[in-house]
Amino acid sequence: MTTPALIRSRGTLADLLSGRSNGIGLIRLCLAVGVVLSHSKPLGFGANDLGYYLTGRQTNVGTMAVYGFFVLSGLLITRSARRTGIIRYAWHRALRIFPGLWVCLLVTALVVAPLVTLREHGSTAGFFDNAWDRGGPLAYLRANWWTGVRQYGIHDLFVQTTPWGVKTHTSVFNGALWSLKYEMFCYVVVGVLAATAVLRNARRFVLFLTVALYLSILQDWVSSGRISGPASTASWAFDSPLVGSMSFHYIVYLGFLFAFGATLDLYRERVPINDALGIGSALALGLSLLVGGFFVIGLPAFAYLLVWLSVRMPRQLHWVGRKNDYSYGIYIYGFMFQQVMTSFGWSRWGYVPFAAMSVAVAFAAAFLSWKLVERPALRLKDWTPGFVARRSSQRVPAEQQTAVAEEPPATPPAQVGGQTQELPQQTATLVPRR
């Protein structure tokens, strides 16, 4: 590639990411697999997450994958909110998150947990005694139903049979669900901005919000007094209805990445897709991970790099995730089945075999989740209650209905997916400190 071609802009984000032909599906799939690979070390062997020491204790592969999810969600969810009404937007987001999550929780509490009880205790006697009390299986469902994980374990399962249980002295079935409440929080914020017409008429507000969150991260990094190492984290948190404790630290960090993606979409006609910027972002990200300054240099570089890759990825790979999106299922089922496998001692064969088995099992669970739960739920995205449809049709004069019927249909928007108490940096994609 010649130098002029390298530095020449290939167009704007509005030009090149306007349809469904892009690499976002493959990127999301890789991010989900990255979470499983990262968790394989602490869950299988009680070690730190993959890449923790390589990045100078700044982050790890799993945490970076979560960061990537929030960037892409900010981009896609903001686009969805601009194109639909607030009721339809909320309905789409609920269909993308809740059916898959609810079935996962039901499978965990009513199928997997009893089987684990049978194996660890030789009987399921007493499993459903006081099931609604803290630690019980039905309490697990009630506590986690609205994306906030307020109960991680069931009874004493996995405490003595898994490396993570031995290390933390707690029962944990699915620590990966921690990020969903922050994702839902961002959805609500975008919904409010859409309902108040900010996304249409005052997009500068989102830009200012993104800058303000970045300045908070910059101040956090400066106050830590370190070039590398974990960022200093704010201890302040608040209790939110239905989801429990929300960490100020993760509202800022994940909120910045989501807002960055939203800003890229809102200013899409001004965002250049440039190979030099893409390669420069990759270099900046790599240096920040190895040398330091990841949070102030690497995070924005990573965000642009993901968007650039989604556009510049070879067209032959654009089919991945277009019809079958397994990334969400891999994310929500991977952790649980890794815990089951380690309780069987399958990690004794080493990291590579255990990680490979973990990915394979997560793919299988994601396949079933998509085919049986997620895709059927998404088919309801255009459903309208009968009484609402009747009232809407009554408001439109007959001649106006005819005129509308004669107009060519608008191009449907691309289908978008939705898919983290404060976490220790070395296990940031697992569970919060207690």
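1. In this predicted model, His169 counts as exposed, with a relative accessibility of 63%. His169 sits in the loop between helix 7 and helix 8 (180-195), and its phi is positive, about 60°, although the residue is not a glycine. That sign deserves a second look on the structure, because most residues other than glycine have a negative phi.

2. Thr147 also has a positive phi, near 85°, and is likewise a residue other than glycine. Its place is the loop between helix 6 (137-144) and helix 7 (163-168). Is Thr147 buried or exposed? Thr147 is buried, because its relative accessible area of 2% falls under the 20% cut-off.

3. Helix 12, which runs over residues 275-290, has 16 residues and reaches 23 Å from its first C-alpha to its last, a span close to the 22 Å expected at 1.5 Å a residue. The buried residues in this helix are Asp275, Gly278, Ser281, Leu285, Ser288 and Leu289. They cover an arc of only 165° around the axis, which means that they lie on the same side of helix 12. The general background is that an α-helix has 3.6 residues a turn, so residues three or four places apart point the same way.

4. The opposite face of helix 12 should be read together with the buried one. Turned away from the buried side are the exposed residues Leu283, Leu287 and Leu290, whereas Leu285 and Leu289 are among the buried residues of this helix.

5. Both ends of helix 12 can be described further. At its start, a side-chain oxygen of Asn274 comes to within 2.7 Å of the backbone nitrogen of Ala276. After the helix comes Gly292, whose phi is positive, near 140°.

6. For the interior, the largest nonpolar core has 113 residues, and those with the most contacts inside it are Leu13, Phe173, Leu299 and Ile330. Leaving aside residues up to four places away in sequence, Phe173 touches a set of residues that includes Thr108, Val112 and Ala113, then Tyr140, Tyr152, Ile154, Leu157 and Phe158, and also Phe335, Met336 and Gln339.

7. Ser358 lies in helix 15, which spans residues 351-378. Ser358 is buried, because its relative accessible area is 2%, under the 20% cut-off. Which residues does Ser358 touch, not counting those up to four places away in sequence? With that exclusion, the contacts of Ser358 are Val36, Ser40, Gln338 and Met341.

Definitions and conventions
Residues are numbered from 1 along each chain as its sequence is written. This is a predicted model: local features need pLDDT of at least 70, side-chain atom pairs count only at pLDDT 80 or more; totals for chains, interfaces and linings use all residues. Side-chain values use heavy atoms; hydrogens and water are left out. Helices (H or I, at least four residues) and strands (E, at least two) are DSSP runs, numbered from the N terminus. Buried means under 20% relative accessible area, exposed over 50%, partly exposed in between (1.4 Å probe, protein chains only). Contact means heavy atoms within 4.5 Å. A nonpolar core is a set of buried Ala, Val, Leu, Ile, Met, Phe, Trp, Tyr and Cys residues joined through side-chain atoms within 4.5 Å. The expected span of a helix is 1.5 Å times one less than its number of residues. The arc is that of the directions from the helix axis to the C-beta atoms. A polar contact is a pair of N or O atoms within 3.5 Å; within protein, one must be able to donate a hydrogen and the other to accept it, and residues adjacent in sequence count only if both atoms are side-chain atoms.
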